[in-house]
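Work through the exercises below with the structure open beside you, and try each task before you read its solution.

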Amino acid sequence: MAAILPAHNYFHKSYTPKIVSRNHFGARKTNQNPYAITKPRFSKPPHVHAKQSKASETLIRQNNLTLTRALLAFIDSGSMENAVYLFEEMNHSETYTWNLMIKGLVNNGLFKKAIDFSHRMDFEGVRADKYTYPFVIKACAGLLCLKEGEKVHAKLVKVGLDLDVYICNSLVSMYMKVGCVELGEKVFKEMPLRDLVSWNSMVSGYQLAGDGLSSLGWLREMALVGVRPDTFSFISGLGACSIEGCGRNGKEIHCQVIRSGFEMDLKVETSLIYMYAKCGNVDYAERVFDRIVHKNIVAWNAMIAGYVFNACFYESFSCVKKMQEVGKLKPDAITMINLLPSCAQMGALLMCKSIHASAIRKGFIPHLVLETALVDLYGRCGKLKLAEHVFVRINGKNLASWNAMIAAYVQNGRYTEALELFLHILYESVKPDAITIASVLPAYAELTSLSEGRQIHAFIIKLGLSSNTIISNSVTYLYAKCGDLQTARRCFDDMLFKDVVSWNTIIMAYAIHGFGRISIQLFLEMIENGIEPNKSTFVSLLSSCSISGMVDEGWEYFNSMKRDYDIDPGIEHFGCMLDLIGRTRNLDLAKHFIKEIPFVPTARIWGSLLAASRKTNDIELAEVAAKHALSLEHDNTGCYILLSNIYAEAGRWEDVERIKSLMIREGLEKTIGCSTVETDYKIHRFVDQDRSNAQMNMINYVMDIILRMTGEKEDVYARSITKLRRTDLTRKRNLPENHSVRLAISFGLISTELGPPVLVRKNIRICEDCHNVAKKISKITKREIVVRDSKVFHHFQDGSCSCGDYW
């Protein structure tokens with residue numbers, strides 16, 4: 001009762017008539033003439049009273065009928081505020097009046113108020129009928145409120161209306177919409193009588209739940225039992241084909257549409273356009289579209305979306321222009337939403353801003369979906385400030401809006417902000433979905449420790465998302481980036497369904513750890529399992545060949561891309577091959593290879609040539625490569641540092657000072673070397689020349705012993721002489737023995753148990769001196785040391801490294 005009263009008080013406007021008393025009319029008048037004769041009063045005959053009572057009842061009924069018609073007019077016009085006001089002034093003891101109000105609230109999207117009205121109806125003792133409950137159930141579905149829907153279902157069983165066809169159809173639709181397909185199917189199977197709506201509820205329900213195959217199965221069973229499909233059946237079936245990419249089934253449904261005489265139905269034709277486009281048959285979609293006589297904005301939007309989905313970006317803009325010129329239609333918010341991905345893929349930031357401005361001018365904003373699409377677009381274009389500007393102004397953010405902003409941060413390397421936003425969602429009690437987790441996992445992979453990675457994995461299992469292929473791919477990548485390659489492989493092996501992304505992920509996992517041979521074995525296994533490789537597959541494969549130094553294999557797979565798989569190499573593939581050529585120290589071949597690239601070389605290409613030049617001490621070529629790289633990315637700190645190191649190794653200190661001056665002028669600072677190691681679920685950070693750790697004396701003592709055992713202590717100073725100026729030699733600030741990675745390794749050795757490898761993460765590339773020392777430490781201590789630097793993982797074991805001394 002207490003739960004019902006608030007709803008009742010909310011909707012009930014108290015109306016208390018004025019208290020009428022005798023004093024209100026004044027004192028009773030008496031006869032002033034005592035001699036006057038007063039006429040006696042006679043009562044009216046009974047038949048006169050009956051006539052007056054019937055006339056009064058007729059007047060009341062007519063009045064109620066007039067008010068009901070006025071109420072219906074308000075509801076039909078969508079003026080629910082006036083409808084509620086009029087309802088409060090009416091005699092609302094009839095179920096029909098309540099049904100009108102509940103139906104009107106539901107049809108206008110006021111689902112919460114509709115449910116509150118149903119509670120108030122029950123509180124005031126008005127009996128609900130079989131026409132009341134379908135709209136209450138629809139309100140529960142609109143709110144995705146399973147708990148309230150189950151309460152209504154239980155009440156239906158109690159009053160004996162749980163087998164009514166109309167009500168059962170609403171229950172099936174509600175359960176399907178909230179994701180409880182098993183309960184919806186159970187209600188359907190228990191129905192003593194099923195009509196066309198019942199079957200459509202099952203077909204559309206599974207389609208809405210994302211299970212296209214089950215939806216098509218119910219459509220097929222529907223035909224087997226002799227129920228003839230209508231337009232809604234075909235639209236749901238075509239939507240199911242779009243989900244599963246079943247072009248062949250879509251063509252079968254198209255044939256049924258023609259045989260059933262629905263080929264001229266505009267909604268069906270629009271669904272056919274969308275289905276063919278989603279299945280990759282743009283030509284078929286265009287044929288259906290061209291046959292439509294009177295195209296509305298929905299049909300044009302479907303064709304535009306089809307072009308975008310199939311990467312026909314120029315055609316999508318051409319279609320919009322044709323829509324305006326030929327169709328005489330103006331773009332709406334959906335048109336703009338469809339066009340935004342084309343802008344992102346084409347890098348047309350100016351076009352995106354024009355669409356944004358047009359949306360503001362035409363009053364399309366605020367629009368939740370459009371604003372979310374803008375956040376996603378600006379994030380893809382690297383304009384985070386614009387993405388944040390749009391995001392903070394979204395009213396009533398939904399989960400998709402949060403996901404778009406998290407993805408924008410991750411795509412632009414702002415991992416800390418992505419994690420903060422994710423935690424904010426959890427604090428706001430917003431339940432993340434698979435897209436949220438898949439978006440934030442790369443941030444966890446880049447920033448967090450192995451133990452924190454295990455925590456987010458446990459959270460994923462708790463959410464029931466561990467069987468999701470997209471999530472499993474991200475978890476595999478997470479463990480690989482956190483240094484636990486064995487767990488990454490176990491996650492991959494435990495996946496029920498492996499798509500091409502799954503194989504690409506595990507191939508790249510072994511690649512960045514320097515195990516190229518295993519990457520090749522996985523690629524061959526992938527081909528044997530019938531998985532067709534894509535461009536990303538060869539990026540992973542060529543990266544493994546480059547990191548592991550497999551030159552012949554790299555050339556073989558690079559040449560096989562077009563020959564065997566009809567895949568044109570992209571700029572990223574040429575970049576991998578240039579890294580591979582750099583390993584051979586054949587700079588003439590590298591320069592010739594760059595000239596043969598059919599694309600404009602990127603900063604990454606020139607950076608690879610710069611790294612190769614350092615290995616051969618070719619300063620002239622290094623300067624050329626650095627010039628090109630910095631012209632493309634003037635804020636590339638790594639390029640400045642690498643060129644400065646090349647000058648330092650050659651003893652050209654004036655040039656070193658010149659590079660430092662250039663960096664200061666550009667407002668750039670050298671990244672401070674930082675290494676982390678985890679012990680007992682706690683992260684310990686070390687920087688170069690660190691003295692802050694409480695166990696620093698023990699760390700230095702252990703490292704001193706190791707260096708003496710390896711013979712490194714005596715010649716470390718001499719080896720560093722060529723890299724230091726005279727003023728630096730006296731202070732010894734840049735000596736490798738003070739580098740953060742050595743401190744982290746020493747701390748890991750004294751703080752972890754024997755057996756597991758010592759896992760160290762470094763924010764920049766490991767230097768050659770520390771790389772050599774780490775190899776010797778692994779041999780002396782007989783422990784595996786894993787160092788993840790900014791590029792790859794180095795597995796030091798028994799005096800050797802997985803990178804083959806090239807990184």
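## Charges, rings and contacts

In this predicted model, Arg194 lies over the face of Phe188, at 4.6 Å from the ring centre.

**Exercise 1.** Find where the charged end of Lys397 sits, and give its distance from the ring centre.

*Solution.* Begin with the cut-off, which asks that NZ of Lys be within 6 Å of the ring centre and within 35 degrees of the ring normal. The charged end of Lys397 is placed over the ring of Phe391, and its distance from the centre of that ring is 5.1 Å.

**Exercise 2.** Decide how the rings of Phe523 and Tyr565 are arranged, and then place both residues in the chain.

*Solution.* Start from the total, since the pairing rule gives a count of 23 aromatic pairs. For the rings of Phe523 and Tyr565, the centres are 6.5 Å apart and the planes stand at 75°, so the pair is edge-to-face. Next, locate the partners: Phe523 belongs to helix H30 (residues 516-528) and Tyr565 to helix H32 (residues 551-565), so that the pair links distant parts of the chain, 42 residues apart. Finally, compare their accessibility with the cut-off, by which a residue under 20% is buried. Phe523 is buried because its relative accessible area is 2%, whereas Tyr565, at 22%, counts as partly exposed.

**Exercise 3.** Carry out the analysis for Phe558 and Phe574, and name the aromatic cluster that contains them.

*Solution.* The pair formed by Phe558 and Phe574 is edge-to-face, with 5.4 Å from centre to centre and 75° between the planes. Phe558 lies in helix H32 while Phe574 lies in helix H33 (residues 571-583), and therefore the pair ties together parts that are 16 residues apart in sequence. Turning to accessibility, Phe558 is buried with a relative accessible area of 10%, and Phe574 is buried with 8%. The cluster is then read off as Trp555, Phe558, Phe574, Phe593 and Phe599, which form one aromatic cluster.

**Exercise 4.** Is Leu447 buried or exposed, or does it fall in between, and which residues does it touch beyond four places away in sequence?

*Solution.* First place the residue, for Leu447 is found in helix H25, which covers residues 434-447. Its relative accessibility is 39%, and because partly exposed residues are those between the 20% and 50% limits, Leu447 counts as partly exposed. Leaving out residues up to four places away in sequence, Leu447 touches Tyr415, Thr416, Leu419 and Arg761. Of these contacts, take Tyr415 as an example: Leu447 and Tyr415 are 32 residues apart in sequence, and their C-alpha atoms are 7.1 Å apart in space.

Notes. Residues numbered from 1 in each chain as written. Predicted model: local features only at pLDDT ≥ 70, side-chain atom pairs only at ≥ 80, totals over all residues. Heavy atoms only, no water. Helix = DSSP H or I, 4+ residues; strand = E, 2+ residues; numbered from the N terminus. Buried < 20%, exposed > 50% of the residue type's maximum accessible area, 1.4 Å probe, protein only. Contact = heavy atoms within 4.5 Å. Phe/Tyr/Trp six-rings, centres within 6.5 Å; stacked < 30°, edge-to-face > 60°.
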